[in-house]
Amino acid sequence: TKDGLMSKTDKKSVDYCEALRLSMIGVPRYWRSTTLPENHVWANGDLVLFSDWPELKKVYDDGGFAGMLLAYNADSATIAANLGKWRPNAAKPTGLYVPKLDGQFFRACTGGNTAGKYNAPGLPDITGSFMGADYNADSWEYFTGAFRDTGWVDAGVVASGNKKIERSIDFRASASNPIYGASATVMPLSVNVPCIIYLGLNS
């Protein structure tokens, strides 16, 4: 601190804080209130311009969004399937569309090609079946919801001489609501976000 100069130790701490700040540019995160803090934008798909955010442009130019960028001319279906990705606004961009994360859960992923992918809501299907019988075809039936009538089966003549007809019925929840069977696991609507862990300095 002699002559108002910063010590090497303090300079190292300041440099570290600045590097940490720069590393957080463009990183989605949870926030504790509905008031937008300074120098932040909502992750709602809006366009942000490089002229307003020059540090964002530097991250983009340096390849900081690798794996998390769509083509500027991506079609609507591709955009809808990748709500967690950024998108340039032109071939020579003047800005980026931020990820559209409103209404989405974050689902951690550890690299690969699924980062930024939108996951539609879904549940495993619920299935089952049972068999009923009708003698001389004298019966009535009522089906609703996930039960499906899959048809009569002629089972021939029983010992009493009456003709036996069996009714086959199965249970499939997806017949009632298409959310069942839409996923092999319980899946809320979500966006895959890369998940990494900071371990500190390695030397």
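Strands E5 (residues 118-119) and E9 run antiparallel to each other in this predicted model, and two bridges join the pair. Within that pairing, Tyr 118 has Val 191 of E9 as its bridge partner.

E9 also has a parallel partner: strand E4 (residues 105-109), paired with E9 over five bridges. Here Cys 109 is bridged to Pro 194 of E9. As for its surroundings, four of the five residues of E9 (residues 190-194) are buried, so the strand is largely enclosed by the rest of the structure.

Here are the two pairings of E9 side by side.

| Strand paired with E9 | Sense | Bridges |
|---|---|---|
| E5 (residues 118-119) | antiparallel | two bridges |
| E4 (residues 105-109) | parallel | five bridges |

Now to two loop residues. Asn 82 sits in the loop that links helix H3 (76-81) to strand E2 (87-88). Is Asn 82 buried or exposed? Its relative accessible area is 15%, and because buried means under 20%, Asn 82 counts as buried. Setting aside neighbours within four places in sequence, Asn 82 contacts Leu 70, Gly 116, Lys 117 and Tyr 118. Tyr 118, you may recall, is the residue bridged to Val 191 in E9.

Ser 183 belongs to the loop between strand E8 (163-172) and E9. With a relative accessibility of 15%, Ser 183 is buried too. Which residues does Ser 183 touch, not counting those up to four places away in sequence? They are Gly 122, Leu 123 and Pro 124. In addition, a polar atom of the Ser 183 side chain lies 2.7 Å from the backbone oxygen of Thr 185.

Note on methods:
Residues numbered from 1 in each chain as written. Predicted model: local features only at pLDDT ≥ 70, side-chain atom pairs only at ≥ 80, totals over all residues. Heavy atoms only, no water. Buried < 20%, exposed > 50% of the residue type's maximum accessible area, 1.4 Å probe, protein only. Pairing = 2+ DSSP bridges. Contact = heavy atoms within 4.5 Å. Polar contact = N/O pair within 3.5 Å; in protein donor to acceptor, adjacent residues only side chain to side chain.
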